[in-house]
Amino acid sequence: MHHWRRDVVELAAMFTAVAVADAVANLVGHGPDGPALLMISALVLAATAGFHVWWARRPGHAPPVTDTDTGARPVVPETRQAGPRADATGTGDRASTLWRLRTTVRDEPGSLAALCAALAGHRVDILSLQTHPLADGTVDEFLLRAPGELIAGAITRAVALAGGTDTWIERADAHDLVDAPTRVLGLATRTALDAAELPLALRQLLGRCTIRSLPAHPVGGARSPEAVPVEGALEDTVMRLRAPEGGVITVERPYLPFTPTEFARARALVELDARLGPRIPRSQDVISLSAGSEITVRRADTGDLEAARAMHERCSTRTLALRYHGPVGDADRYLNHLLSPRFGRTLAVQTASGRIVGLGHLLWDGDETEVALLVEDDWQRRGIGGELLGRLVRMAVEAGCESVYAVTQASNTGMVAAMRGLGLPLDYQIEEGTLVITARLAAEPGGAVTAAGWLSGAGELGNAEAP
C-alpha cells in the first residue's frame, strides 16, 4: 500500500548520494589535501556502518517484524500422528482431540477432495473414512484428529464452506479407532455366542440410540405391535426389524438419521441371530453359602420355564407381590418374557437336586437397565439375593451400562439392603407408591465410584438379601 512512498524516498536518497559523490570528487581532484580527506571519509563510513550493525543487534532494539514475516504468526503446536492408544481427552496427546464427523456431499468428482482440502487447511488429520451412498448424494463419516485448540464450530464451518451439508460432529474416543469391518465382526461374534447380546451389539453399532424389543403377544392383554415386513422398515431416524421370535425390534436415533448402509448392517446382525436360534453361555459357578450348603449360579432361558413356574408355586403371596407389583395370579404370565434372552439376561440359582430357588434378571429397558430379584421363601436370608445382584451389576458394567435401577417397595428392606450393599452411589425416587433405586455405574468428576474400579474390587456380597 505504501510502496510508492518507499520508492520516492529511495530515489531522493540516490540523487543526494550522487550529488555528494560529485562534490567529494571535485574536492579530492582540485584540493591540496584530497588523498587525506578520502582516507578520513572511508574510516568515518566504516565506523558508522559498524555502529549501525551493533545497535541493530542489541536486545530490545531489533527491527520489528512486518505482518508478512513468520515471526509474527502464532505458533501452532505440532500434532502427532494417531497411534493405537490415542486418547480423545488429551491424556495420551494433549495437543490434539479426536472427533467423529458426518456430513453429506454431492455425488460428483471433486466433492470429497474439496472436503479433505478444507480439513487439511485447519491441520486436521483424517484417520478413517466411511462412505454411505444415498440416492442424491453421499454421507461421509470421518474420524478426525484435530489440534486441541480447534473447536467443533470451526470444523463444521470449514466443512460447510467446502460443500458439506447436514453436518453432525461429536467427541470420539480411542474405541472409535477400530475400523468398521473389525467392529462389525466383533459384534457378530458376541451375538453368535449369546442371544442376549443382540440389543447391545445394535447399540454399539449405531451409537447412542434407544432399542426396544416388543413381543408378538404382549403380557397383560396389550395390543400387539404393528407387523413389519421381512426385510424391515427404515423411516429416517427410526428403523424397525422383525425379531427372530416374531416380535419387533425398534431402534430410534432422533439426533441423526440412519443411512441405508447402517440399516443393512443392523438387519444382518438380526438375521444372524435368527439363524443361530436360542442360545446362552452354559458356564456355571458353585458357591458355598454361610449356612454350609452349596448352590449353583448359571444363566437361564426359556428352557427353564417349567422349573421357574414350580418355584412360583413354592413362593408365598407376599414374596410374589413384592417382586411383580401386581396380581399374584399374573406372575406366571411374565416368565416367558423375563426368561427370553431377547429382553435381557437371567441368572438362576439351583440346588444340588436341580431345583431352581432364585432368579435374577438384568432387563434392557430402552436405553436404561433394570435389575430384579426373586428368591424362594425358604432360601431367603442366606446371601443369595446379594450374590445375584452383584453378578447382575457386573454384567451391566461389562455391557457398558451407565446405571441400573430396581423397582420395589419401601417395605422390601431386603432389596433396599442389597442395593446399599453394592457400595455404589444410589438415587431414591418414589413413583406411584413404588420405590425406584438407581445405582450409578459411570464415573463422575466428583470422585464417584468408577465402574471399572467397582468391577475389579467387588467381591462376595454375603449378608445382603432380597426376597
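The following paragraphs lead through a predicted model of a protein, from its overall content to individual strands, helices and residues.

The protein contains 13 helices and 16 strands. Of its 467 residues, 41% count as buried. Contacts between residues at least 6 apart in sequence can be sorted by their separation along the chain, and 63% of them join residues at least 24 apart.

A suitable place to begin is the open sheet of 4 strands whose order is β2-β3-β1-β4, with antiparallel pairing. Its edges are formed by β2 (125-133) and β4 (165-171); each has a single partner strand, so one side of each is left without a neighbour in the sheet. On average, and with direction ignored, neighbouring strands of this sheet are turned by 15° against each other. Within the sheet, strand β1 (residues 96-105) and strand β3 (residues 138-147) run antiparallel and are joined by 10 bridges. One position in this pairing is R100, whose bridge partner in β3 is L143. A helix accompanies these strands: α3 (residues 111-120) lies across β1, β2 and β3, and runs at about 15° to β3.

Strand β3 also holds E141, a residue that repays closer inspection. Is E141 buried or exposed? The relative accessible area of E141 is 10%, which is under the 20% limit, and E141 is therefore buried. Its side chain takes part in polar contacts with two other side chains. One joins E141 to R100 at 3.0 Å, and another joins E141 to H132 at 3.3 Å. When residues up to four places away in sequence are not counted, E141 touches R100, L101, R102, S128, L129, Q130 and H132. R100 thus appears in two roles, as the bridge partner of L143 and as a polar contact of E141.

Further along the chain comes a pair of helices. Two packed helices are described by the angle between their axes and the distance between the axes. For helix α5 (residues 180-193) and helix α6 (residues 198-206), the axes come within 9 Å and cross at roughly 170°. Angles over 145 degrees count as roughly antiparallel, and α5 and α6 are therefore roughly antiparallel to each other. On the side of α5, the contact is made by R183, V184, L187, R190 and T191, while α6 contributes L198, L200, A201, Q204 and L205. Sorted by class, this contact has 6 nonpolar, 2 polar and 2 charged residues.

Helix α6 is mostly covered, with 7 of its 9 residues buried. The buried residues of α6 are L198, P199, L200, A201, L202, L205 and L206. Among them, L198, L200, A201 and L205 also belong to the contact with α5. Just after α6, G207 takes a positive phi of about 85°.

The next element to consider is another open sheet, in which 4 strands follow the order β5-β8-β7-β6 with antiparallel pairing. Which strands stand at its edges? They are β5 (210-214) and β6 (233-235), each of which pairs on one side only. Neighbouring strands of this sheet are turned by 15° against each other on average, direction ignored. Strand β6 pairs with strand β7 (residues 238-242) in the antiparallel sense over 3 bridges. In this pairing, E235 stands opposite V238 in β7. The sheet also carries a helix: α7 (residues 260-276) packs on it and touches β6, β7 and β8 (248-252). The direction of α7 makes about 25° with that of β7.

The final region centres on strand β10 (residues 294-300). Of its 7 residues, 6 are buried, so β10 is largely enclosed by the rest of the structure. Strand β9 (residues 284-288) runs antiparallel to β10 and is joined to it by 5 bridges. Here S288 has E294 as its bridge partner in β10. Strand β10 also pairs with strand β11 (residues 344-350), again in the antiparallel sense and over 5 bridges. In that pairing, R299 stands opposite L347 in β11. Strand β10 therefore has pairings with both β9 and β11, and is largely enclosed because 6 of its 7 residues are buried.

Technical notes. Residues are numbered from 1 along each chain as its sequence is written. This is a predicted model: local features need pLDDT of at least 70, side-chain atom pairs count only at pLDDT 80 or more; totals for chains, interfaces and linings use all residues. Side-chain values use heavy atoms; hydrogens and water are left out. Two strands pair if DSSP finds at least two bridges between them. Axes are lines fitted to C-alpha atoms, for helices over the stretch in contact, and angles run from 0 to 180 degrees between N-to-C directions. Contact means heavy atoms within 4.5 Å. Angles under 35 degrees count as roughly parallel, over 145 as roughly antiparallel, 65 to 115 as roughly perpendicular and the rest as oblique. Ala, Val, Leu, Ile, Met, Phe, Trp, Tyr, Cys and Pro count as nonpolar, Asp, Glu, Lys and Arg as charged, and the others, Gly among them, as polar. Buried means under 20% relative accessible area, exposed over 50%, partly exposed in between (1.4 Å probe, protein chains only). A polar contact is a pair of N or O atoms within 3.5 Å; within protein, one must be able to donate a hydrogen and the other to accept it, and residues adjacent in sequence count only if both atoms are side-chain atoms.
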